[in-house]
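The following is a walk through one structure, taken strand by strand. Please keep the sequence and the model side by side while reading.

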Amino acid sequence: QPQLVESGGDLVHPGGSLRLTCAASGFRIVEYALAWFRQAPGKEREGVSLISRSGDTTYYSEAVKGRFTISRDDASNMVYLQMNNLKPEDTATYYCVLENHGPPSPSSTLWGGHDFSFWGRGTQITVSS
C-alpha cells in the first residue's frame, strides 16, 4: 500500500526551527517530484516548497523563501523540510505530496508546473510564544 507519512511537527517558539520528514513506502520516490503544502485553520491550502525528480531544482513560496529548505534522499525514500526562523503565520498542518504522472485526479493540485495528487495525512506545526 503506497503511502506518505509526515513527522516532525511540534509546538515551537517564534524564531525556532523544525525539521519535517516525509517517509514514503510502497513505492520509490526517485521518479517523482515532491512538494510540501500547508493549510492553516480557515485558510486555503498553499504550496510551500517543491523539489524536482533530480533534486537539482527547488522552488519556494515567497512566504518561506530564505527560511525553509527542501531536500530529498532517494536512497532512504525520504523528503525533508528544514524550517528556520519560524513565525506564528507558519502555524498550519503541513502535507507531503507526490507528483501525479497519470491523468488529473480529484485530489490533484497544480503548482509550480506540476500536478500533485498523492497526499500524506499531515503533521501539525504551531508557532507560538
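Two strands count as paired here if DSSP finds at least two bridges between them. The model is a predicted one, and the description below starts with the sheet that this rule picks out.

Four strands, in the order 1-3-8-7, make up an open sheet with antiparallel pairing. The edges are held by strand 1 (3-7) and strand 7 (68-73), each of which has a single partner strand, so one side of each is left without a neighbour in the sheet. From one strand to the next, the twist averages 15 degrees.

At one of these edges, strand 7 runs antiparallel to strand 8 (residues 78-83), and six bridges join the two. To find this pairing in the model, look for Thr69, whose bridge partner in strand 8 is Gln82.

Strand 4 (residues 34-39) offers a second place to look at pairing. Its partners include strand 5 (residues 46-51), to which strand 4 is joined by five bridges in an antiparallel arrangement. Between the two strands of this hairpin lie six residues, and in the hairpin Gly42 takes a positive phi near 75 degrees. Strand 4 also pairs with strand 9, again in the antiparallel sense, over six bridges.

Trp36 is a convenient marker for both pairings. In strand 5, Trp36 has Ser49 standing opposite; in strand 9, the residue opposite Trp36 is Cys96. Is strand 4 mostly covered or mostly open? Five of the six residues in strand 4 are buried, so by the cut-off of under 20% relative accessible area the strand is mostly covered.

Cys96 leads on to the disulfide. In general terms, a disulfide is a covalent bond between the sulfur atoms of two cysteines. Which residue is linked to Cys96? The partner is Cys22, and the two sulfur atoms are 2.1 Å apart, which meets the requirement of lying within 2.5 Å. The count of disulfides in the model by this rule is one.

Cys22 belongs to strand 3 (residues 18-25) and Cys96 to strand 9 (residues 92-99), so the disulfide ties together parts that are 74 residues apart in sequence. The link between Cys22 and Cys96 is left-handed, with -80 degrees about the S-S bond. Both Cys22 and Cys96 are buried.

Taken together, these elements can be traced from one to another. Strand 3 has its place in the 1-3-8-7 sheet, the disulfide ties strand 3 to strand 9, and strand 9 pairs with strand 4, which in turn is joined to strand 5.

Conventions: Residues are numbered from 1 along each chain as its sequence is written. This is a predicted model: local features need pLDDT of at least 70, side-chain atom pairs count only at pLDDT 80 or more; totals for chains, interfaces and linings use all residues. Side-chain values use heavy atoms; hydrogens and water are left out. Buried means under 20% relative accessible area, exposed over 50%, partly exposed in between (1.4 Å probe, protein chains only). Axes are lines fitted to C-alpha atoms, for helices over the stretch in contact, and angles run from 0 to 180 degrees between N-to-C directions.
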